[in-house]
Amino acid sequence: MNPYAEYENVIPLIAPVDTGATAIQTPFVDLKTAHRLAVAVYFGVITTSSATDPGPTVTVVCSTAATTVSETEIAFNYRLSTATGANSFGAVTAATSAGVATTNTDDGKMMWIEVDPAVVQAKGTDKRFVSVFVTPDVGATVTVVGAVGFVQPRYKGATMISTT
């Protein structure tokens, strides 16, 4: 028996990819059977055309369906790691619904995002799907990013209920 599989539902959301200056969105995650959702957004190389260009902006949206038809941006909490190879994260920080702007020096850092299902429900009782957007600045030339979701299910089991 695998106790890890019974505790968390791990969802590959974005395979590592260079999006350049193009926004990328994770698939929607269904929170119907979830106590909570965390998303780890991992930044690889971030290169911009100017040293003053910002890094990508990360936003979280909720929707009534697994589509962008009725999405609403929501507030969330996050922590930003130090460089790759260090087990050190900054303090928990509240992000507004406008998201978090990173810097172009956040290469090799991970952003740990916590989504509170109560915040999603407050946007509408029929909203239960969540997605994360990573939007590079227009001056971005390279933006390597990947993401993994971690759902804590209400009911633990060896076979996970689909959340996508």
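A polar contact is a pair of N or O atoms within 3.5 Å; within protein, one atom must be able to donate a hydrogen and the other to accept it, and residues adjacent in sequence count only if both atoms are side-chain atoms. This definition applies to the close-up of Thr52 and Ser50 in the first legend. The model shown in every view is predicted.

**View 1. Surroundings of Thr52, a residue of the loop between S4 and strand S5 (57-63).** The side chains of Thr52 and Ser50 are joined by a polar contact of 2.9 Å. Thr52 has a relative accessible area of 69% and is therefore exposed, since the cut-off for that class is over 50%. Thr103 lies 51 residues from Thr52 in sequence, while the C-alpha atoms of the two residues are 9.1 Å apart in space.

**View 2. The open sheet of six strands.** The strand order is S1-S12-S4-S10-S7-S8, and the pairing is antiparallel. Strand S1 (9-18) and strand S8 (93-95) form the edges, each pairing on one side only. From one strand to the next, the twist averages 25°. In general, the strands of a sheet pair through backbone hydrogen bonds, in either a parallel or an antiparallel sense.

**View 3. Strand S4 and its two partners in the sheet order, S12 and S10.** Strand S4 comprises residues 34-48 and strand S10 residues 110-115; six bridges join these antiparallel strands. S4 is also joined to strand S12 (residues 140-153), again in the antiparallel sense, by twelve bridges. Tyr42 appears in both pairings: Gly146 in S12 stands opposite Tyr42, and Met110 is the bridge partner of Tyr42 in S10. Two further pairs mark the border between S4 and S10: Ala40 stands opposite Trp112, and Leu37 has Val115 as its bridge partner.

**View 4. The two faces of strand S10 and its pairing with S7.** The covered face of S10 carries Met111, Ile113 and Val115. Met110, Trp112 and Glu114 belong to the uncovered face. Side chains alternate between the two faces of the sheet in a regular strand. Strand S7 (residues 76-80) pairs with S10 over four bridges in the antiparallel sense. Ile113, a residue of the covered face, is the bridge partner of Tyr78.

**View 5. The chain as the setting for the close-ups.** Two helices and twelve strands are present in the chain. Read from the N terminus, the elements follow the order α-β-β-β-β-β-β-β-β-β-β-α-β-β. The radius of gyration is 16 Å, close to the 15 Å that the globule rule gives for 164 residues, so the chain is as compact as a globular protein of that length. Along the principal axes, the C-alpha atoms fill a box of roughly 50 × 40 × 25 Å.

**View 6. Interior and surface of the chain.** Of the 164 residues, 43% are buried. The accessible surface comes to about 8100 Å², and carbon and sulfur atoms account for 58% of that area. Among contacts between residues at least 6 apart in sequence, 81% join residues at least 24 apart.

Methods
Residues are numbered from 1 along each chain as its sequence is written. This is a predicted model: local features need pLDDT of at least 70, side-chain atom pairs count only at pLDDT 80 or more; totals for chains, interfaces and linings use all residues. Side-chain values use heavy atoms; hydrogens and water are left out. Two strands pair if DSSP finds at least two bridges between them. Axes are lines fitted to C-alpha atoms, for helices over the stretch in contact, and angles run from 0 to 180 degrees between N-to-C directions. Buried means under 20% relative accessible area, exposed over 50%, partly exposed in between (1.4 Å probe, protein chains only). The radius of gyration is taken over C-alpha atoms; the globule rule is 2.2 Å times the number of residues to the power 0.38. Contact means heavy atoms within 4.5 Å. Accessible areas come from the Shrake-Rupley method with a 1.4 Å probe; for residues, only the protein chains shown count as cover.
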